[in-house]
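This report concerns side-chain pairings, buried cores and long-range contacts in one protein chain. The sequence and the structure are shown below, and the text that follows should be read alongside them.

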Amino acid sequence: MLKKLAVILIGYFVSISVVAQSLYVFIPTEVRANKLQQKIETFCTGVDVTVFGRAKDFHNKIKVSPPTAILSLSPVIERNAPFNKSIAGLRNGFDSEDYVLVSLNKAVNIDHLKDKKIGVVDLLGRKPMMSFVEDLLQAKVKLKRVTKVEDLLPLITFDAVDAIFISDSLFSQFKQKSNLNLVATPLNIKVGLASAGLSDAVIKDKLKKCVFAFDKQLNNTLGVDQWLAL
């Protein structure tokens, strides 16, 4: 009986240990989730890493089996209690970047955004994402959500939306690889870069060690050039 109880207790504490060292990652990029996971795992020995390619899968998994840490864009972490932002990603010394409305051939009139069709990569789910974008744009719009970064350009190419709401850095990438006449409309809106949030301090040192070890290529993929412990 005592032996059986000991086995149960050992299993329990092992399971707690595994959970305490788990990291969920959701940062929309053009790199496949499995490839990104393999890359992150090379720097995060002893941490159970899971990378998600879709917001829906990420948020559902958090509800069913919450990890101790998440790595995502700041708006995602801010809307996922009890995860507290502990590591901020920086680029050129800043933890946020400008966002723009990108359209085809001509700029968007930001004074007349009401009922405009706007394309975005989904970060938060249908209702939260709608609320997030409308709060930023200060207008009631019709949102077209996609799951992948590469699905954005077809939206304006085939006239499915009036514009896409993206970071200025992503706009620069699109300009480089596309022959389309893409036009960016400045918005004076900034959105936080990739960050890490914790629900338990147990993993903090281990998470910090692996994130700060990310190489230049991985950081570029995640949209940052360095990390800052908060």
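K177 counts as partly exposed in this predicted model, because its relative accessibility is 47%. Its salt-bridge partner is E30, and the closest N and O atoms of the pair are 2.4 Å apart. K177 belongs to helix 7 (residues 168–177), whereas E30 sits in the loop between strand 1 (22–26) and helix 2 (33–41), so the bridge ties together parts that are 147 residues apart in sequence. E30 is likewise placed in the partly exposed class, because its relative accessibility is 39%.

**Salt bridges**

The bridge of K177 and E30 is one of several such pairings: the structure holds nine salt bridges. Side chains of opposite charge can pair when their charged atoms come close. Three of the pairs are set out here.

| Pair | Closest N to O distance |
|---|---|
| K177 and E30 | 2.4 Å |
| R54 and D57 | 3.1 Å |
| K190 and D98 | 2.8 Å |

The pair of K190 and D98 links distant parts of the chain, with K190 in strand 9 (residues 182–192) and D98 in strand 5 (residues 96–104), 92 residues apart. How do the two partners stand in accessibility, exposed or partly exposed? K190 is exposed, because its relative accessible area is 52% and the cut-off for that class is over 50%. D98 has 36% relative accessibility and therefore counts as partly exposed.

In the salt bridge of R54 and D57, R54 is partly exposed, with a relative accessible area of 37%. D57 is partly exposed as well, with a relative accessible area of 33%.

**The buried face of helix 7**

Helix 7, which contributes K177 to a salt bridge, also has buried residues, namely L170, F171 and F174. Where do these residues lie around the axis of helix 7? They cover an arc of only 105 degrees, so they are on the same side of the helix. An α-helix has 3.6 residues a turn, so residues three or four places apart point the same way. The elements that cover the buried residues of helix 7 include strand 5, helix 6 (152–157), strand 8 (163–167) and strand 9. Two of these elements, strand 5 and strand 9, hold the partners D98 and K190 respectively.

**The disulfide**

A search of the whole structure finds one disulfide. It is formed by C44 and C210, with sulfur atoms 2.5 Å apart. The link of C44 and C210 is right-handed, with 75 degrees about the S-S bond. C44 is in the loop between helix 2 and strand 2 (48–51), and C210 is in helix 8 (residues 204–211), so the disulfide ties together parts that are 166 residues apart in sequence. Are these cysteines buried or exposed? C44 counts as buried, at 2% relative accessibility. C210 is buried too, with a relative accessible area of 3%.

**Nonpolar cores**

In soluble globular proteins, nonpolar side chains tend to be buried together. The largest nonpolar core here has 56 residues, and L137 and L207 touch the most other members. Beyond its neighbours within four places in sequence, L207 is in contact with L23, A69, I87, A196 and L198. There is also a second, separate core of 16 residues, which includes I156, V161, I164 and I166.

**Two residues with distant partners**

A196, one of the contacts of L207, is placed in strand 10 (residues 194–198). A196 counts as buried because its relative accessibility is 0%. Leaving aside neighbours within four places in sequence, the contacts of A196 are I70, L71, I77, N84, K85, S86, I87 and L207. For one of these, L71, the separation from A196 is 125 residues in sequence and 4.4 Å in space, C-alpha to C-alpha.

N181 lies in the loop between helix 7 and strand 9. In contrast to A196, which is buried, N181 counts as partly exposed at 40% relative accessibility. Which residues does N181 touch, not counting those up to four places away in sequence? They are S103, L104 and N105. The C-alpha atoms of N181 and N105 are separated by 5.2 Å, although the two residues are 76 residues apart along the chain.

Technical notes:
Residues are numbered from 1 along each chain as its sequence is written. This is a predicted model: local features need pLDDT of at least 70, side-chain atom pairs count only at pLDDT 80 or more; totals for chains, interfaces and linings use all residues. Side-chain values use heavy atoms; hydrogens and water are left out. A nonpolar core is a set of buried Ala, Val, Leu, Ile, Met, Phe, Trp, Tyr and Cys residues joined through side-chain atoms within 4.5 Å. Buried means under 20% relative accessible area, exposed over 50%, partly exposed in between (1.4 Å probe, protein chains only). Contact means heavy atoms within 4.5 Å. A salt bridge is a side-chain nitrogen of Lys or Arg within 4 Å of a carboxyl oxygen of Asp or Glu. Helices (H or I, at least four residues) and strands (E, at least two) are DSSP runs, numbered from the N terminus. The arc is that of the directions from the helix axis to the C-beta atoms. A disulfide is a pair of cysteine sulfur atoms within 2.5 Å.
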